[in-house]
Amino acid sequence: MSSYQIATIDGDGIGPEVCQSATRVLTHACGSDLLAFTRCDGGAAHYARTGHVLPEDTFMLCRDSAAILHGAAGLPGVTYPDGTEVGNDLHLQLRFRLDLYANVRPVRLWRGVKSPLADWQAGQIDYVIVRENTEGLYASRGGGINLRGEVATDTIVITRKGVERVARFSFALSRKRNGAPRDGTRRVTVCDKANILRSYAFFRAVCEEVAREHTDIEIDYAYVDAMTVHLVKRPDFYDVIVAENMFGDIISDLGAATIGGMGLSPSAELGEHHGLFQGAHGSAPDIAGQNVASPLATILSGTLMLQWLAERHGDDRLSAAAHRIEAAVGDVLAQGDAVPRDLGGSASCTEVTDAVLRRLDSAAC
Ligand code: IPM
Ligand code: MN
């Protein structure tokens with residue numbers, strides 16, 4: 001009898017390859033009696049066949065499962081009449097309908113991986129971007145206007161509830177961590193543009209109110225333009241960064257670039273009752289089906305899933321498995337067992353996956 005039902009949406013492009021790799025690793029580490037994966041349809045290719053990017057039966061399975069594991073979605077040219085991409089709508093529908101308000105994006109430099117930033121070493125870059133995931137500028141998706149092809153607008157939406165809950169999540173996350181690498185200080189940095197726009201001044205003001213409930217954690221502020229400089233010049237200063245949806249989308253890719261790229265960028269999209277776990281990369285259709293994509297971001301997203309489930313259900317078996325997988329990935333990277341293409345190597349998706357499995361087995365001996 002499996003304990004946890006996991007809905008898996010392979011999706012488009014490299015999605016199937018990386019999602020199935022992660023499923024192999026998770027099953028190997030946890031055993032099939034602990035996790036049961038049910039694959040379901042969704043994404044741009046499915047839309048092209050059926051007219052549905054997120055079929056209702058897939059949504060209901062996701063709603064009723066313990067967690068959702070996703071590969072990637074989106075194919076070039078598969079767009080809605082308004083010009084927006086269909087594949088992205090899979091994520092957005094799940095985010096809004098399941099109220100996944102905290103998009104958690106760890107940015108960590110692993111041993112064996114060279115940062116494009118000069119002289120930074122593993123352990124010196126280790127922060128988490130918490131992106132508000134259900135409002136901000138994304139609240140206008142599908143709601144903006146395009147008048148006569150002459151003027152188009154989208155509106156940013158910032159709510160007190162939306163900011164309070166993502167700020168509280170960020171402070172709680174900082175409390176569980178060991179502080180910024182530079183000084184060990186538990187610090188939440190509010191990233192906004194409060195100097196210019198009232199919406200972001202409101203975002204900052206609500207974060208300040210929440211900060212007063214967490215006086216053991218330092219509050220810090222950075223305008224988003226300055227943030228891009230700081231993430232390059234002093235990444236070790238950061239512990240947890242909280243940002244509105246659009247800004248979080250942008251700075252999380254910059255953060256990923258500083259630690260080796262999107263191939264090492266996992267994500268956990270969390271609400272009160274649901275969690276969606278996927279690599280923060282896209283569907284990379286240009287390399288789809290060639291077995292050359294790196295599965296590491298999705299495998300690491302799987303460890304975030306295990307840790308989230310372990311905390312929700314008080315199940316140490318899952319957190320132990322997450323630590324084993326993380327250690328195995330760390331050893332593969334540190335020892336160069338199988339270096340994926342995005343990190344300068346030539347290892348296939350399968351070879352990277354098998355290297356992680358071998359490390360899991362050797363640790364078990
Ligand atoms: C991300 C992606 C998504 C976003 C797309 C795929 C909807 O860029 O998760 O960072 O824009 O949020
Ligand atoms: Mn993005």
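**View 1. Residues around ligand 1 in the predicted model.** Seven names make up this view: Asn88, His91, Arg95, Arg105, Arg131, Tyr138 and Asp249 surround ligand 1. By class, the shell holds 4 charged residues, 2 polar and 1 nonpolar.

**View 2. Polar side-chain atoms facing oxygen atoms of ligand 1.** Arg131 places a side-chain N or O atom 2.6 Å from a ligand oxygen atom. For Asp249, a polar side-chain atom lies 2.8 Å from an oxygen atom of the ligand. Arg95 also takes part, with 2.9 Å between a polar side-chain atom and a ligand oxygen atom. The protein buries 80% of the 320 Å² that ligand 1 exposes when taken alone.

**View 3. The pocket that holds ligand 1.** Ligand 1 sits in the second largest pocket.

**View 4. Helix H4 and the two domains at the ligand shell.** Helix H4 spans residues 87–97. Its 3 residues are the most given to the shell around ligand 1. Domain 1 (1–98 + 291–365) supplies at least three shell residues. Domain 2 (115–259) likewise supplies at least three.

Methods:
Residues are numbered from 1 along each chain as its sequence is written. Chains are lettered from A and ligands numbered from 1 in the order in which they are written. This is a predicted model: local features need pLDDT of at least 70, side-chain atom pairs count only at pLDDT 80 or more; totals for chains, interfaces and linings use all residues. Side-chain values use heavy atoms; hydrogens and water are left out. A residue is near a molecule or strand if one of its heavy atoms lies within 4 Å of it. A polar contact is a pair of N or O atoms within 3.5 Å; within protein, one must be able to donate a hydrogen and the other to accept it, and residues adjacent in sequence count only if both atoms are side-chain atoms. Accessible areas come from the Shrake-Rupley method with a 1.4 Å probe; for residues, only the protein chains shown count as cover. On a 1 Å grid over the protein atoms alone, a cavity is a set of points where a 1.4 Å probe fits but cannot get out, and a pocket is an open set with protein on both sides within 12 Å along at least five of seven lines; lining residues have an atom within 4 Å of a point. A molecule sits in a cavity or pocket if more than half of its atoms lie within 2 Å of its grid points. Helices (H or I, at least four residues) and strands (E, at least two) are DSSP runs, numbered from the N terminus. Ala, Val, Leu, Ile, Met, Phe, Trp, Tyr, Cys and Pro count as nonpolar, Asp, Glu, Lys and Arg as charged, and the others, Gly among them, as polar. Domain bounds come from an automatic or database domain assignment.
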